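The exercises below are to be worked with the sequence and the coordinates open. Each task is followed by a solution in steps.

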Amino acid sequence: MLPANDVEEMKTIRLEVTSGADGFIIQTPEARKVLELEGVSSEDIFDMPVWIESKVKRTPESKSEFRSKMGFSESDFVISYFGQIEWEEGLSDLASACSLAIKSNPSLQDKLRVVFSGIGSYAEDLQSQFTLNGCSDLVGYILPTRISHRALLAVSDALYISPLLGRDRIEGEPFRYVTAMTHKIPVLSARNPVSEYYLGKHR
């Protein structure tokens, strides 16, 4: 939960929830701070650590197998994103970053691949952003299913996580980081309270 002072309806709903709930389950220190700021007693706030089960074995054999099935070569550098395809996710930053990376190292044009697994209202605009940045041929989209997620976890060289915290879904952010950590996949992101909490301030 985060303050929503710009939306009167949300303020009413939040007041009803905080007044009527018997307790709150949280997964980040920031969520506790927000609830306490809204008047929730610390005795009614309960921590539930994030836990993720490993979904796939990231071995050279499995990586090669899934890459072959998905049309990636062994030399491709695959950046994956799991989540909603919305403007708030900061996905346009990834389009700009890919363009800058290729300008800095033109050989990446033939190696860099970006795969989005999700749905949302920003998909068409996002494709336009990659096109404007001259990177449209790098991008692929996969329906968000259990099978596709396991495949991407097997082939990914990095997971992109937006540096912008979702104002209405902050508690979902930790799972993205812990998923990457569990499968030992590097994270491509920027500093924010959640990333620093799970990954450290200088990583």
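**Exercise 1. The sheet**

Tyr160 stands opposite Leu188 in β7. The model is a predicted one. Starting from this pair, find how β6 and β7 are joined, then give the strand order of the open sheet and its edge strands.

Solution.

Step 1. Strand β6 covers residues 158–160 and is joined to β7 by 2 bridges. The two strands run parallel.

Step 2. Strands of a sheet pair through backbone hydrogen bonds, in either a parallel or an antiparallel way. In this open sheet of 5 strands the pairing is parallel, and the order reads β5-β4-β3-β6-β7.

Step 3. The edges are β5 (139–142) and β7 (187–188), each of which pairs on one side only.

Step 4. For context, the protein has 8 helices and 7 strands in its secondary structure.

**Exercise 2. Helices beside the sheet**

Determine which strands α5 lies across, and which elements the buried residues of α6 pack against.

Solution.

Step 1. Helix α5 (residues 123–132) lies across β4 (112–117) and β5. Its angle to β5 is about 160°.

Step 2. Helix α6 spans residues 146–155, and its buried residues are Ser148, Ala151, Leu152, Leu153, Ala154 and Val155.

Step 3. These buried residues of α6 pack against two helices, α3 (60–70) and α7, and against the strands β3 (77–82), β4 and β5.

Step 4. As background for the whole protein, buried residues make up 38% of the 203 residues. Of the contacts between residues at least 6 apart in sequence, 69% join residues at least 24 apart.

**Exercise 3. Salt bridges**

The count comes to 6 salt bridges. For Asp157 and Arg67, Glu65 and Lys69, and Asp47 and Arg32, state the N to O distance and the place of each partner in the chain.

Solution.

Step 1. Side chains of opposite charge can pair when their charged atoms come close.

Step 2. Asp157 and Arg67 form a salt bridge through their side chains at 2.7 Å, N to O. Asp157 sits in the loop between α6 and β6 while Arg67 belongs to helix α3, so the pair ties together parts that are 90 residues apart in sequence. Both Asp157 and Arg67 are buried.

Step 3. Glu65 and Lys69 meet in a salt bridge at 3.2 Å, N to O. Both are in helix α3, 4 residues apart, which is about one turn of the helix. Glu65 has a relative accessible area of 41% and is partly exposed; Lys69, at 60%, is exposed.

Step 4. The side chains of Asp47 and Arg32 form a salt bridge at 2.9 Å, N to O. This pair links distant parts of the chain, with Asp47 in strand β2 (residues 45–47) and Arg32 in helix α2 (residues 29–37), 15 residues apart. Asp47 has a relative accessibility of 54%, so it counts as exposed.

Step 5. Arg32, Glu36 and Asp47 are joined into one network by salt bridges that share partners.

**Exercise 4. Strand β1 and the surface**

Are Phe24 and Ile25 buried or exposed? Locate the nonpolar surface patch that includes Ile25.

Solution.

Step 1. Phe24 is in strand β1, and so is Ile25, within residues 24–26.

Step 2. Buried means under 20% relative accessible area and exposed means over 50%. Phe24 is at 9% and therefore counts as buried. Ile25 is at 59% and therefore counts as exposed.

Step 3. Ile25 forms a nonpolar patch on the surface with Phe46 and Met48, and together they have about 320 Å² of accessible area.

Step 4. Phe24 and Asp44 are 20 residues apart in sequence, with a C-alpha to C-alpha distance of 6.2 Å.

Step 5. The accessible surface of the protein is about 11,800 Å² in total, and carbon and sulfur atoms account for 56% of this area.

**Exercise 5. A backbone angle**

What is the phi of Lys184, and where does this residue lie?

Solution.

Step 1. Most residues other than glycine have a negative phi.

Step 2. Lys184 is not a glycine, yet its phi is positive, about 55°.

Step 3. Lys184 lies in the loop between α7 (173–182) and β7. With 70% relative accessibility, Lys184 counts as exposed.

How values were computed
Residues are numbered from 1 along each chain as its sequence is written. This is a predicted model: local features need pLDDT of at least 70, side-chain atom pairs count only at pLDDT 80 or more; totals for chains, interfaces and linings use all residues. Side-chain values use heavy atoms; hydrogens and water are left out. Patches are made of residues with over 30% relative accessible area and no salt bridge: like charges are joined within 9 Å, nonpolar side chains (Val, Leu, Ile, Met, Phe, Trp, Tyr) within 5 Å. Accessible areas come from the Shrake-Rupley method with a 1.4 Å probe; for residues, only the protein chains shown count as cover. A salt bridge is a side-chain nitrogen of Lys or Arg within 4 Å of a carboxyl oxygen of Asp or Glu. Buried means under 20% relative accessible area, exposed over 50%, partly exposed in between (1.4 Å probe, protein chains only). Contact means heavy atoms within 4.5 Å. Two strands pair if DSSP finds at least two bridges between them. Axes are lines fitted to C-alpha atoms, for helices over the stretch in contact, and angles run from 0 to 180 degrees between N-to-C directions.
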